[in-house]
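Me: Could you take a close look at the aromatic rings in this structure and walk me through how they pair up? I am in my first year, so please go step by step.

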Amino acid sequence: MFFISCKDLMLYNQFYLLNFNVYMYLFVYGTLLTTEYNHRTIKDSKLIGEGSIYGKLFDIGNYPALKEGENIIFGELYDIDDLTLKNCDQLEGYNSDDPENSPYVRKLITVFLEKKELCAFVYYCNFDTSNYKEIESGNYKEYMNDQRKK
């Protein structure tokens with residue numbers, strides 16, 4: 001088994017054409033997490049482990065929104081297939097033919113695991129978050145546990 005880093009992503013198409021087993025990863029930070037209600041969308045995917053990325057996380061109501069930033073955001077990394085990616089695109093409202101008008105856009109980022117870095121897809125919000133509360137801890141799971149206790 002081998003992993004693809006962002007630096008090696010350009011080789012993806014060559015591996016695919018040669019019928020190598022190539023891994024596609026998705027970093028989740030909100031309602032797709034193991035304990036949250038949209039996890040069913042990725043329930044058949046393999047959990048690689050807990051990881052982190054850089055960004056800013058906001059509470060926008062029923063789910064979080066991620067923006068680019070310098071804070072540490074905690075989440076989970078999954079090995080996914082094409083169908084799962086399409087299902088996640090639909091859930092997030094991402095339209096690859098019109099990303100500018102999608103509420104969330106899918107981008108490739110570096111995910112930091114305990115002993116390695118991997119390249120994965122993540123969904124960033126594509127709208128203004130200035131009127132929403134920032135989740136300063138960067139940990140949606142902990143934030144929601146605290147909110148449920150109130």
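Reply: Here is a walk through the ring pairs, followed by the charges that sit over rings. Keep in mind that this is a predicted model.

The count comes to three aromatic pairs. Let's begin with Tyr54 and Phe112: their ring centres are 5.6 Å apart and their planes meet at 70°, and since an angle over 60 degrees counts as edge-to-face, that is what we call this pair. Tyr54 belongs to strand E2 and Phe112 to strand E4, so the pair ties together parts that are 58 residues apart in sequence. Tyr54 is partly exposed, with a relative accessible area of 45%, and Phe112 is also partly exposed, at 28%.

Next come Tyr104 and Phe127, an edge-to-face pair with 5.7 Å from centre to centre and 80° between the planes. Here, too, distant parts of the chain are linked: Tyr104 is in strand E4, while Phe127 is in the loop between strand E5 and strand E6, 23 residues apart. Tyr104 has a relative accessible area of 4%, so it counts as buried, the cut-off being under 20%. Phe127, at 26%, is partly exposed. Ring pairs also bring in Tyr63, which forms a cluster with Tyr104 and Phe127.

Tyr63 leads us to another residue, because Thr31 has Tyr63 among its contacts. Thr31 lies in the loop between strands E1 and E2 and is buried, at 8% relative accessible area.

Finally, look for charges over rings. The charged end of Arg106 sits over the ring of Phe121, 4.8 Å from its centre, and Lys107 lies over the face of Tyr124, 5.3 Å from the ring centre.

Methods:
Residues numbered from 1 in each chain as written. Predicted model: local features only at pLDDT ≥ 70, side-chain atom pairs only at ≥ 80, totals over all residues. Heavy atoms only, no water. Helix = DSSP H or I, 4+ residues; strand = E, 2+ residues; numbered from the N terminus. Buried < 20%, exposed > 50% of the residue type's maximum accessible area, 1.4 Å probe, protein only. Contact = heavy atoms within 4.5 Å. Phe/Tyr/Trp six-rings, centres within 6.5 Å; stacked < 30°, edge-to-face > 60°. Lys NZ or Arg CZ within 6 Å of the ring centre and 35° of its normal.
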